[in-house]
Amino acid sequence: YKLLGLGVSSAQMAMNPQESTEQYIHQDVATSFVDGYQPSMDVDQIVYPGDDLFDFIDAIRQAGPSIGVNDVTELVEVRLYEDPDTAGTSYPATKWDVQIAIVNAPGGDGGGRASISYKFVIKGEQTDGDFNTSTLAFS
C-alpha cells in the first residue's frame, strides 16, 4: 500500500447516491428512492517524483489508456481517529477495489507547481477490517 498524503491537501469520498423518482397518477407529490451508491474520490496532487503514490499513479498515466489492465487496485481508508488495538498498531479500516481514472496529466499554470488529477472509482462492495500501520497489512 502507498500513503495518500504528499502533495494532497484535500480528499473526501463522494458517496454519489443514485436516485429515482416515481409519481403515481393519484399523487400530488412524487416519491424519491435511493437505489444505490456510486462512490468515488477525486484527488488533485502536486507532482512529487520519488513519492511512492505519485510514481504509481504516473506509471498508470504513462502506460496510456488501458482500461481495466493496469489501473485496478485497492484503496484502504484507515480510521486513525478511532481506538487502535492493544498493541497500538492496528486500526479499524475499510477496503475497496478501485479503478484509477486519470483526469488531467501533470501540468499547471506558469510559475506554479505541476499537479496531476485522478479519481478512485469504487468497484463493488466495501470490506471492513483492520489495518496494521507497522506491517501495512489489511485483515
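Q: Which residues of the largest nonpolar core touch the most other members?
A: A nonpolar core is read as a set of buried nonpolar residues joined through their side chains. In this predicted model, the largest such core has 17 residues. Leu75, Tyr118 and Phe120 touch the most other members.

Q: Which elements each supply at least two residues of this core?
A: They are β3 (40-46), α1, β5 (90-107) and β6 (115-122).

Q: What does Phe120 touch, not counting residues up to four places away in sequence?
A: Leaving out sequence neighbours shows contacts made across the fold. For Phe120, the list holds Pro39, Ser40, Met41, Val43, Leu75, Val98, Gln99 and Ile100. Leu75 is in that list, and Leu75 is also one of the core members with the most contacts to other members.

Q: Which residues of α1 are buried?
A: Buried means under 20% relative accessible area. In α1, Leu53, Phe54, Ile57, Asp58 and Ile60 meet that test. Asp58 is one of them, and Asp counts as charged.

Q: Why do the buried residues of α1 line one face of the helix?
A: Look down the helix axis. The buried residues of α1 fall within an arc of 150°, so they line one face.

Q: What do the buried residues of α1 pack against?
A: They pack against β3, β5 and β6. Each of these three strands also supplies at least two residues of the largest nonpolar core.

Q: What follows α1?
A: Gly64 does, and its phi is positive, near 85°.

Q: Which phi value does Asn16 have, and where does Asn16 lie?
A: Check the sign of phi, then the residue type. Asn16 has a positive phi of about 50° although it is not a glycine. It lies in the segment before β1 (17-22). Asn16 is partly exposed, at a relative accessible area of 30%.

Q: What is phi of Leu136, and where is its place?
A: Phi of Leu136 is near 60°, a positive value in a residue other than glycine. Leu136 sits in the loop between β7 (127-132) and β8 (137-138). At 43% relative accessibility, Leu136 counts as partly exposed.

Q: How many Å apart in space are Gly68 and Val78?
A: Compare separation in sequence with separation in space. Gly68 and Val78 are 10 residues apart in sequence and 25 Å apart in space, C-alpha to C-alpha. Gly68 is in the loop between α1 and β4. Its relative accessible area is 42%, so Gly68 is partly exposed.

Q: How is empty space found?
A: Rolling a probe the size of a water molecule over the atoms shows where empty space is left. Here the largest pocket holds about 830 Å³ of space. Of the 24 residues that line it, Lys2, Leu3, Leu4, Leu75 and Val76 are the closest to its centre.

Q: Which element gives the most to the lining of the largest pocket?
A: β4 does, with six residues. Both α1 (52-62) and β4 (72-78) supply at least two.

Q: How does the lining of the largest pocket divide by class?
A: It has 17 nonpolar, three polar and four charged residues.

Q: Which residues line the second largest pocket?
A: The lining is Met15, Tyr37, Gln38, Pro39, Trp96, Ile122, Gly124, Glu125 and Gln126. By class, five are nonpolar, three polar and one charged. About 200 Å³ of space lies in this pocket. Pro39 links two parts of the picture: Pro39 lines the second largest pocket, and Phe120 touches Pro39.

Note on methods:
Residues are numbered from 1 along each chain as its sequence is written. This is a predicted model: local features need pLDDT of at least 70, side-chain atom pairs count only at pLDDT 80 or more; totals for chains, interfaces and linings use all residues. Side-chain values use heavy atoms; hydrogens and water are left out. On a 1 Å grid over the protein atoms alone, a cavity is a set of points where a 1.4 Å probe fits but cannot get out, and a pocket is an open set with protein on both sides within 12 Å along at least five of seven lines; lining residues have an atom within 4 Å of a point. Grid points are joined across faces, edges and corners, and a volume is the space filled by probe spheres set on the points. Helices (H or I, at least four residues) and strands (E, at least two) are DSSP runs, numbered from the N terminus. A nonpolar core is a set of buried Ala, Val, Leu, Ile, Met, Phe, Trp, Tyr and Cys residues joined through side-chain atoms within 4.5 Å. Buried means under 20% relative accessible area, exposed over 50%, partly exposed in between (1.4 Å probe, protein chains only). Contact means heavy atoms within 4.5 Å. The arc is that of the directions from the helix axis to the C-beta atoms.
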